[in-house]
Every structure is written in C-alpha cells, then in structure tokens.
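Visitor: Please take me through one part of this model closely: the pocket that holds the ligand. Once that is clear, place it against the other spaces and the backbone details.

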Amino acid sequence: MNYNQVLLSFAISALTLSFSAKAQKKQPISQPLVKHIYTADPSAHVFNGKIYIYPSHDIESGVKEDDEGGHFDMKDFHILSMDKIGGKVTDNGVALDIKDIPWAGRQLWAPDAAYKNGTYYLYFPVKDKSDVFHIGVATSKSPVGPFKAEKEPIKGSYSIDPCVFKDTDGSFYMYFGGIWGGQLQRYDHNTYLGKTDNPKKGEAARLPRVAKLSADMKQFAGEVKEIKILDEKGNLFLEDNNDKRFFEASWVHKYKGKYYFSYSTGDTHNLCYAVGDSPAGPFTYKGILLNPVDGWTNHHSIVQVKGKWYLFYHDVQLSGKTHLRNVKVTELHYNPDGTIQTITAYK
Ligand code: FUB
C-alpha cells in the first residue's frame, strides 16, 4: 500500500467508526418536560387532581465550577403544572425569588411543597449570608405561588434537599440532608462543627435526617433525628459503600402500607431505595431504582397519578452540562413482592 492508500484506509475506518457510534447512540426513554428553561430536582405532587412539579431552576450565572457545587447558583423557582402525564406543561412564572428571602445569601437548591388547610407551603434550602445552608419555608394560597418567605429559616434546620411527606394519619415529616457541598458532614447530633472535610473511607456513612413538622407547618415539632439505612444484614453502611450509601435527594412515599425512602448516592450517581415500617425508619436497602443518568447529579420524586406510579427525574439532555439540567417523567413499576423495577433512562 502506498502512502495515499494508507491515508484513505484510515479515513474510511474513522468514518465507519463514527457512523456506527452514531447508530448506537443511546436514546432517552423520556423527553424534557420543558425546553425554554433549565430545570432539575423535580418534586412532584398531585393537588386537587392536577400535577404540580416543584423543581430547581438551573441558570448559567457564570460562577466557576468548584467541589462544593458553587456553579449551581440558582436564584428563583418556577413551578410547572400539567393536567395529566403526557399533557401540556405550563411554566407558571417566578414563584419565589432569592431577593425576597430576607435571610438568604446564595444558591437556591432543590425545593419541595406541601398543602394543608387551604395553604401551600414551599420548602427550600439556601445558603445564609455566612454561606451555611438552612431550610426555609414560604406560603401561598395558590400551588403555583407567588410564595411569601418567612423572615428566618426553620429553627434547627440545616443542610439541603427538604422532602415533605404527609402520612396517612395526617402527620407531616420533613426529610433532609446532603453531604459534600450540601454540608451535612458539618453536623454531629444537630450541632454545627464548622467547615469539615468530606466523609472519608472507613468512616460511617452520614445519615439523612427527619423531623416531624409543627401544626403550622413552619417549624420542627420535635427533635431532628438520624434515619438509619441498613444493609440486608442489618448493618449501617460505611462511606466505602458509596454505590449504596446516602448522599442527598431524600424522597419518601408509601406503597401498600410500607414506607419507601429513596435517595441519590451522589458520586456514584445511583438513585437507590430502602423500605421500612415507620416514617422515621429504620429502612432496609432494597436496590437501585434509577441507574445513573447523563450529568453528575441524580434527584427525583415518586408520585401516584390516577392509579399509576411515576418517577420524576432529570438529566442533561438539552445542555450536556452538569449544572444545566432538564426534568423528565417516566412510569415506575413494582414487582409483586413490593420491590421496584430498576429504570434505565436510555435504550
Ligand atoms: O440542584 C442543586 C443540588 O444538586 C440539589 O440540591 C441536589 O440534590 C443536586 O441535585
């Protein structure tokens, strides 16, 4: 073969490789619910028969990426709504702006919402003016706001990712916590230790927290407690088990009388779940409910709509960038023994 023939054969192989890579490119099982803004961390609820999604609103604020997630520099919330799964999705505009939260410094992260006695409650983590995360609450008479923030964060709240679960007896519980940039490792027995290294191998995995909410939904009614997530032998995970241990993104739902605590494993990008008999645990690890998605974070909610169960989640299909995500939904299925069928977001 002469020089030109070698070049030609290289070019043909490169073309063939690129065509077959394209042919094999994985296809997402769901499409972004909205494309005109970036959205993430979808907490979905059905209020009065309509579906409301309370997501983070991702933006490009120009903050450089750092290990603490400084580039997740969100400044407001937009609430999405739809009459049915697969129906038209409405963006209801700005529901709460960081400038209207008196105690807020920066980074409005993943919210959740609840309804009680004619009032909607929006729960959100944001760093205070000294750069420490706490959880705040804002109220509205409408599920889509505008919401008015309380003057102070919830007393005794810390870290990120609130999830508010209403039990069948009418009690409300808040679950929260997230390690690394979410600062959960800075607390021991609810005491702030100051800036602390990320958890290390050999250490016990940090545990998510739960507290019952007060009757007015604006405070904790009791002590903040750690939630035990146990392996099949009844042992707590170590930090080494980072494909199963808690990182962030708590969500709780109830199915056939059992409590399902689901969460992200963060640096290994799984969404896992554990099952228990009480809202405060302990929960026993059962498996992965969503395999890693495109992007770094994985954060979800699980909700029943008209008798079917759905997983709301996000990936980075629209932008390809870690901090500019888009929310999606797909149906979730249980096995007869109550375990959840693992979802892969691409085929
Ligand atoms: O959206 C900011 C943070 O990223 C959330 O609070 C985490 O759960 C992760 O999704």
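**The ligand pocket and its surroundings**

Guide: The lining of the second largest pocket divides into eight nonpolar, seven polar and eight charged residues. That pocket is the place to start, since the ligand sits in it. The model is predicted, and every value below was computed from it.

The second largest pocket holds about 380 Å³ of space. It has 23 lining residues, and those nearest its centre are Gly69, Phe72, Trp109, Trp296 and Thr297. Two of these names, Trp109 and Thr297, come up again among the residues around the ligand.

The shell around the ligand is made up of four nonpolar, three polar and four charged residues. Met74, Trp109, Ala110 and Ile160 are the nonpolar members. Ser56, Thr297 and His299 are the polar ones. Asp41, Asp161, Glu248 and Arg325 are the charged ones.

Three side chains of this shell can be followed to oxygen atoms of the ligand. In Asp41, a side-chain N or O atom is 2.5 Å from a ligand oxygen. For His299, the distance from a polar side-chain atom to a ligand oxygen is 2.6 Å. For Arg325, the corresponding distance is 2.7 Å. The protein buries 98% of the 270 Å² that the ligand exposes when taken alone.

The largest pocket, for its part, encloses about 500 Å³ of space. It is lined by 21 residues, and His45, Phe165, Lys166, Val252 and Val303 are the closest to its centre. The class count for this lining is 14 nonpolar, four polar and three charged residues. Five strands each give at least two residues to it: β1 (38-47), β6 (112-116), β10 (163-166), β17 (248-255) and β21 (301-305). By residue number, the ligand neighbours Asp41 and Glu248 fall within β1 and β17, respectively.

Closed space is a separate matter. The count is one cavity of 30 Å³ or more, and the largest cavity has a volume of about 40 Å³. The residues that line it are Ala205, Arg206, Leu207, Ile229, Phe237, Arg245 and Phe246. By class, this lining has five nonpolar residues, two charged residues and no polar ones. The charged pair is Arg206 and Arg245.

Some backbone details remain. Most peptide bonds are trans, and most residues other than glycine have a negative phi. The bond from Gly145 to Pro146 is cis, with omega near 5 degrees, and Pro146 lies in the loop between β8 (133-140) and β9 (148-149). Gly281 and Pro282 are likewise joined by a cis peptide bond, with omega about 5 degrees. Pro282 belongs to the loop between β19 (271-276) and β20 (283-290).

Lys256 is not a glycine, yet its phi is positive, near 50 degrees. Lys256 is placed in the loop between β17 and β18 (258-264). The strand before that loop, β17, is one of those that supply the lining of the largest pocket.

Key
Residues numbered from 1 in each chain as written. Predicted model: local features only at pLDDT ≥ 70, side-chain atom pairs only at ≥ 80, totals over all residues. Heavy atoms only, no water. Near = heavy atom within 4 Å. Polar contact = N/O pair within 3.5 Å; in protein donor to acceptor, adjacent residues only side chain to side chain. Areas by Shrake-Rupley, 256 points an atom, 1.4 Å probe, with all protein chains shown as cover. 1 Å grid on protein atoms, 1.4 Å probe; cavity = no way out; pocket = protein on both sides within 12 Å on 5 of 7 lines; lining within 4 Å. Sits in = over half its atoms within 2 Å of the grid points. Points joined across faces, edges and corners; volume = space filled by probe spheres on them. Helix = DSSP H or I, 4+ residues; strand = E, 2+ residues; numbered from the N terminus.
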